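Colleague: I have a new model open and would like to learn how to read it. Could you take me through a few features, one at a time?

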Amino acid sequence: VIDVAHPHPMEVDRCRRLASARYPGFQSSWDDPPLDASGCERLNQALTRATGVWTASQYTADSIRTFVDPTIQIDIVGYGVVGIPRSSRRLTYEGRYLFVGAVGLRKGIPLLLEAWGRSGLASEGCVLDVVGTKLDPQVEAVLAHSTGVQRHGNISAEALSKLFQQADALVSPSYCEGFGRVLIEAVTAGLPFLATRTGGVDEILGPDLNEWCVDVDDLEGFTELLRRFHGEGSSRADYVDGVLSMQRHWTEEAYGSRLRSAVERQFNSK
């Protein structure tokens with residue numbers, strides 16, 4: 001049994017090409033190095049030899065079936081995290097948006113900044129906090145000249161927790177994710193997120209809330225997502241309520257239960 005926490009390398013390459021076609025000047029900031037042909041072959045052999053496979057998301061499972069074998073039996077075991085108490089977050093909307101992750105092309109930073117500029121939210125007093133280690137001088141230069149953006153590099157856990165408490169929404173316009181752990185960190189904090197459909201986004205949101213995500217590389221869609229969250233107070237409140245209702249599904253305990261079930265199914269079948 002193999003725990004696959006990463007999309008198939010050929011899917012990663014597909015996403016890299018998609019992102020690079022829109023933002024060719026930022027190719028060097030893609031933070032996921034390609035796997036060479038021999039490494040990819042060894043991975044494929046391991047997957048086909050496995051008695052059973054589980055992955056963190058349907059997206060990752062689909063990439064394995066597409067590039068390895070459509071008949072592989074795969075269990076989906078979404079992750080979980082230790083929750084942050086909801087009582088620590090304020091409830092009033094102040095137009096504060098938060099990005100946490102590798103600051104580069106794979107995470108969609110160029111698209112995020114373009115959508116942020118197009119949305120006009122900065123002119124209405126909104127703030128985008130960008131948290132993550134520095135990867136590319138060109139990306140940093142664009143960040144430095146983007147209106148309404150506050151840049152945070154290597155910060156403490158306490159400072160990051162404070163940003164989660166201050167934020168109204170997490171933003172995640174990523175091109176490629178195995179799961180997207182920061183999304184359930186947001187959920188357990190009672191914080192809604194605006195995201196592209198990669199990794200575990202569909203599983204986390206479910207059919208009732210999937211209006212709050214858009215397709216990967218959809219600049220216009222992500223721009224409109226920002227505007228809608230900012231402008232539609234009642235829809236925003238409903239989304240927050242929906243996030244609170246799903247918190248229990250993404251705890252450390254819930255993950256342990258899913259993992260035990262997957263292992264038991266595998267061994268009982270043999």
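Modeller: Happy to, and keep in mind that this is a predicted model. Let's begin inside, with the lining of the largest cavity: β4 (96–100) and β7 (169–172) each supply at least two of its residues.

Colleague: Which strand gives the most to that lining?

Modeller: That is β7, with three residues. The full lining consists of Phe 99, Val 100, Lys 107, Leu 170, Val 171, Ser 172, Ser 174, Glu 177 and Val 182. Five of these residues are nonpolar, two are polar and two are charged.

Colleague: How much space lies in the largest cavity?

Modeller: About 50 Å³. The structure holds one cavity of 30 Å³ or more.

Colleague: Now the strands. What is the order of the strands in the open sheet?

Modeller: A general idea helps here: in a regular strand, side chains alternate between the two faces of the sheet. In this model, six strands form an open sheet in the order β6-β5-β4-β7-β8-β9, and the pairing is parallel. At the edges are β6 and β9, each of which pairs on one side only. The two strands we met at the cavity, β4 and β7, pair in the parallel sense over two bridges. Leu 98 has Leu 170 in β7 as its bridge partner.

Colleague: And how many bridges join β5 and β6?

Modeller: Four: β5 (residues 127–131) and β6 (residues 149–152) also run in the parallel sense. To get from β5 to β6 the chain passes through helix α5 (residues 137–144), and this β-α-β crossover is right-handed. Within the pair, Leu 128 stands opposite Val 149 in β6.

Colleague: How should I read a helix? Take α8: which of its residues are buried?

Modeller: An α-helix has 3.6 residues a turn, so residues three or four places apart point the same way. In α8 (residues 201–209), the buried residues are Val 201, Ile 204, Leu 205, Gly 206 and Leu 209. They pack against α7 (181–188), β8 (193–196), β9 (213–214) and α10 (233–246).

Colleague: One last residue: where does Asp 215 lie?

Modeller: In the loop between β9 and α9 (219–231). With a relative accessible area of 45%, Asp 215 counts as partly exposed, because that value falls between the 20% limit for buried and the 50% limit for exposed. Beyond its neighbours within four places in sequence, Asp 215 is in contact with Thr 196 and Arg 197. Its C-alpha atom is separated by 13 Å from that of Leu 112, 103 residues apart along the chain.

Technical notes. Residues are numbered from 1 along each chain as its sequence is written. This is a predicted model: local features need pLDDT of at least 70, side-chain atom pairs count only at pLDDT 80 or more; totals for chains, interfaces and linings use all residues. Side-chain values use heavy atoms; hydrogens and water are left out. Two strands pair if DSSP finds at least two bridges between them. A crossover is right-handed if, with the strands pointing away from the viewer, the path from the first strand over the helix to the second runs clockwise. Buried means under 20% relative accessible area, exposed over 50%, partly exposed in between (1.4 Å probe, protein chains only). Contact means heavy atoms within 4.5 Å. On a 1 Å grid over the protein atoms alone, a cavity is a set of points where a 1.4 Å probe fits but cannot get out, and a pocket is an open set with protein on both sides within 12 Å along at least five of seven lines; lining residues have an atom within 4 Å of a point. Grid points are joined across faces, edges and corners, and a volume is the space filled by probe spheres set on the points. Ala, Val, Leu, Ile, Met, Phe, Trp, Tyr, Cys and Pro count as nonpolar, Asp, Glu, Lys and Arg as charged, and the others, Gly among them, as polar.
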